[in-house]
Amino acid sequence: MEGIGILILAAGASKRMGKVKQLLPWKRTNILEHIVDEVTQISDNSCVVLGANSDQILKSLSKQIKTTINRGWKKGMGSSISHGINFFGKNNEALLIILSDQPMISKEYLISMIKKHKKNSNSIIATSYHNKPGVPAIFPRKYFDKLKNLSQDFGARKLLMEERKNTILMNSKGKNVDIDTWVDYKSHYQN
């Protein structure tokens, strides 16, 4: 894990859910805490980017993990990536970006991504969504400036498409589900 930081994006307002989805029950805890548990088992070099509901979410975090608050979270996911890179990226050779609403992503999958990155350190390692790149994804340092300039709600998607030739896709075997709505949550809930 040396040189790779993990950035967990948790700044969204959960509009489609209607509740703070980061705090919905998941296994023995809540969605965000579950992801933090998975991440901190493989690295202590991680950070959560908060925005909407940050006071409430901060109170729920029991693990010791770096946090930063993106005051511009309403601009969308791109602004949270940019904020996270500016706050946390400078001392890392690469960043693994994961969303706080993907609780089915396991530490084993993240470890497999990191191993792939170690063998291909100049390439982006991204999760395949029907043969299109998405997050979780590992970005080498050479992409940090482009990530810092993100500001729209599409996050890193545009960069991933632009850099498709230098991106290696990995199959998460169906674990890359975003929990965006009650239907998603009820369909995938794990206690």
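**Figure 1. One aromatic pair, in a predicted model.** By the ring-pairing rule used here, the count comes to 1 aromatic pair. Keep in mind as you look that this is a predicted model. The partners are Trp-182 and Tyr-185: their ring centres lie 5.6 Å apart and their planes meet at 75 degrees, so the pair is edge-to-face. The cut-off behind that name is an angle over 60 degrees. Both residues belong to helix α7 (residues 182–188), where being 3 residues apart separates Trp-182 and Tyr-185 by about one helical turn. Are the two partners buried or exposed? Trp-182 is partly exposed, with a relative accessible area of 32%, while Tyr-185 is buried, at 8%.

**Figure 2. The whole chain, to find your bearings.** Before going further in, take a look at the protein chain, whose secondary structure comes to 7 helices and 9 strands. Its radius of gyration is 15 Å, close to the 16 Å that the globule rule gives for 191 residues, so the chain is as compact as a globular protein of that length. Along the principal axes, the C-alpha atoms fill a box of roughly 40 × 35 × 30 Å. How much of the chain counts as buried? The value is 52% of the 191 residues. Taking contacts between residues at least 6 apart in sequence, 69% join residues at least 24 apart. The chain exposes about 9500 Å², and carbon and sulfur atoms supply 46% of that area.

**Figure 3. Strand β1, covered on both faces.** Here the view settles on β1, where 7 of the 7 residues are buried, so the strand is largely enclosed by the rest of the structure. On one side you can pick out Ile-4, Ile-6, Ile-8 and Ala-10, and on the other Gly-5, Leu-7 and Leu-9; all of them are buried. Which strands pair with β1? Strand β6 runs parallel to β1 and is joined to it by 6 bridges, and β4, also parallel to β1, is joined to it by 5 bridges. Leu-7 is a handy landmark: its bridge partner in β6 is Ile-97, and in β4 it stands opposite Cys-47.

**Figure 4. The largest nonpolar core.** This core has 34 residues, and those with the most contacts inside it are Ile-8, Leu-32, Val-48, Leu-96, Ile-98 and Leu-110. The elements that give two or more residues to this core are β1 (4–10), α1 (31–40), β4 (46–50), β6 (94–99) and α4 (107–119). Which element gives the largest share? It is α1, with 5 residues. Apart from this core lies another, of 22 residues, among them Leu-9, Phe-139, Phe-144 and Leu-159. Now zoom in on Leu-96: leaving out residues up to four places away in sequence, Leu-96 touches Ile-4, Gly-5, Ile-6, Leu-7, Leu-110, Ile-114, Pro-136, Ala-137 and Ile-138.

**Figure 5. The buried residues of helix α3.** Follow α3 (residues 77–89) and you will meet many familiar residue types: Gly-78, Ser-79, Ser-80, Ile-81, Ser-82, Gly-84, Ile-85, Phe-88 and Gly-89 are buried. What do the buried residues of α3 pack against? Their neighbours are β1, β4, β5 (66–69), β6 and α5 (144–148).

**Figure 6. Glu-163, a buried residue in a loop.** Glu-163 lies in the loop between α6 (157–162) and β9 (167–170). Its relative accessibility is 18%, and because buried means under 20%, Glu-163 counts as buried. Not counting residues up to four places away in sequence, Glu-163 touches Ile-124, Tyr-143 and Lys-146.

**Figure 7. Backbone details to look for.** Most residues other than glycine have a negative phi, and most peptide bonds are trans. Where is a cis peptide bond? Such a bond joins Val-135 and Pro-136, with omega about 5 degrees, and Pro-136 lies in strand β8 (residues 132–140). Asn-131, which is not a glycine, has a positive phi near 70 degrees. Asn-131 lies in the loop between β7 (124–129) and β8 and counts as exposed, at 56% relative accessibility. Lys-173, again not a glycine, has a positive phi of about 55 degrees. You will find Lys-173 in the loop between β9 and α7, exposed, with a relative accessible area of 71%.

Key
Residues numbered from 1 in each chain as written. Predicted model: local features only at pLDDT ≥ 70, side-chain atom pairs only at ≥ 80, totals over all residues. Heavy atoms only, no water. Core = buried A, V, L, I, M, F, W, Y, C linked by side-chain atoms within 4.5 Å. Buried < 20%, exposed > 50% of the residue type's maximum accessible area, 1.4 Å probe, protein only. Helix = DSSP H or I, 4+ residues; strand = E, 2+ residues; numbered from the N terminus. Contact = heavy atoms within 4.5 Å. Phe/Tyr/Trp six-rings, centres within 6.5 Å; stacked < 30°, edge-to-face > 60°. Pairing = 2+ DSSP bridges. Rg over C-alpha atoms; globule rule 2.2 N^0.38 Å. Areas by Shrake-Rupley, 256 points an atom, 1.4 Å probe, with all protein chains shown as cover.
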